[in-house]
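Here are a few exercises to work through with the model open beside you. Try each task before reading its solution.

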Amino acid sequence: MDAIPLALDGFLAADAEPGDREGTACWRLTCSAGTDHLIDEAVIPCTTMEPEIAHAMLTEHQPGDLLRVIGHLTLPDTADGVIRLHAESLEVLWAAPLLEGEEDADTATVTDTDADRNRAIAALAEALTGLGQAEPGPEQSIRIHISPTGTLGSGLEYCHSVDITPDVAHRLANYIDAMSCHLDSERPDGVVLDPETIADLTDLFDDIDLTALTSTVLSATRPEHRPAVTQAMDDMFGDIPAPEDTDP
């Protein structure tokens, strides 16, 4: 079967291993489908006969590195065969931080802080994926990678890649700017802003349609997270009416 040209982004699932011949290497790449189904992930076996790539995989890269592998994908001739991506070039999109020393703690034990962080990553990935699918189209060109800090060899299930349109990216940037303005406005007593700054802030918040903002955020949020998200927005902007409570 003919090989298929392919460029694939994914996280290195485990340390690369030497191939059957000198100057070759093989490894596994964990790839996300980039949909709102966060479990849609696949582990793709990769191999290379390029000595430079093999040397880099065996000596420089560690589990959790985000790699872009370009090469040809071969499909099996039988149902029980294995697909394999033969790498011809390799690019490091993001390098996982190195460990400063060996850890003797049981990595299967997840602290409360880790669990809260992982839930936050999942909620953020779901919300961003919802935004990315709100206005689908061929112009999608911006990819956001989300992952926990530290070495990711045992936490690849918390790594996600989300594609959004440029228009959604601009809207998201505006929302973040609005949040930053609110947080920056919480100054200690006795600090007085000049009238021009106050006028600029007033104009900024007057242009924000809080009902539309609430509708956009809630539509991109899983039902089980909506009460907490609604409360957080109320705490930030005041009591905002839910979209279903407003007049048509």
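## Exercise 1: the lining of the largest pocket

In this predicted model, the helix α2 supplies seven residues to the lining of the largest pocket, the largest share.

**Task.** Find which helices each supply at least two residues of the lining of the largest pocket, and describe the lining by class.

**Solution.**
Step 1. Start with the space itself: the largest pocket holds about 730 Å³.
Step 2. Count the residues around that space: 24 residues line the largest pocket. Nearest its centre lie A127, M179, V217, T221 and V229.
Step 3. Assign the lining to helices. At least two residues each come from α2 (112-134), α3 (166-184), α5 (210-219) and α6 (226-237).
Step 4. Sort the lining by class: 20 residues are nonpolar, three are polar and one is charged.

## Exercise 2: a salt bridge between two strands

**Task.** Locate the salt bridge between R143 and D9, and work out what the pair ties together.

**Solution.**
Step 1. Look at the distance: the closest N and O atoms of R143 and D9 are 3.0 Å apart, and the cut-off for a salt bridge is 4 Å.
Step 2. Place the partners. R143 is in strand β7 (residues 142-146) and D9 is in strand β1 (residues 4-12), so the pair ties together parts 134 residues apart in sequence.
Step 3. Check the surroundings. D9 has 14% relative accessibility and counts as buried, because buried means under 20%. R143, with a relative accessible area of 42%, is partly exposed.

## Exercise 3: extending to a network

**Task.** Which residues are linked with R143 in a network of salt bridges?

**Solution.**
Step 1. Take another partner of R143: its side chain also meets that of D163 in a salt bridge, at 2.7 Å from N to O. This pair links strand β7, which holds R143, to strand β8 (residues 160-164), which holds D163, across 20 residues.
Step 2. Read the exposure of D163: at 24% relative accessibility, D163 is partly exposed.
Step 3. Put the network together: its members are D9, R68, R143 and D163.

## Exercise 4: a bridge from helix to loop

**Task.** How many salt bridges does the structure hold, and where in the chain do E126 and R222 sit?

**Solution.**
Step 1. The structure holds five salt bridges.
Step 2. One of them joins the side chains of E126 and R222, 3.5 Å from N to O. E126 belongs to helix α2 and R222 to the loop between α5 and α6, so the partners are 96 residues apart.
Step 3. Compare exposure: E126 is buried at 15% relative accessibility, whereas R222 is partly exposed at 30%.

Note on methods. Residues are numbered from 1 along each chain as its sequence is written. This is a predicted model: local features need pLDDT of at least 70, side-chain atom pairs count only at pLDDT 80 or more; totals for chains, interfaces and linings use all residues. Side-chain values use heavy atoms; hydrogens and water are left out. On a 1 Å grid over the protein atoms alone, a cavity is a set of points where a 1.4 Å probe fits but cannot get out, and a pocket is an open set with protein on both sides within 12 Å along at least five of seven lines; lining residues have an atom within 4 Å of a point. Grid points are joined across faces, edges and corners, and a volume is the space filled by probe spheres set on the points. Helices (H or I, at least four residues) and strands (E, at least two) are DSSP runs, numbered from the N terminus. Ala, Val, Leu, Ile, Met, Phe, Trp, Tyr, Cys and Pro count as nonpolar, Asp, Glu, Lys and Arg as charged, and the others, Gly among them, as polar. Buried means under 20% relative accessible area, exposed over 50%, partly exposed in between (1.4 Å probe, protein chains only).
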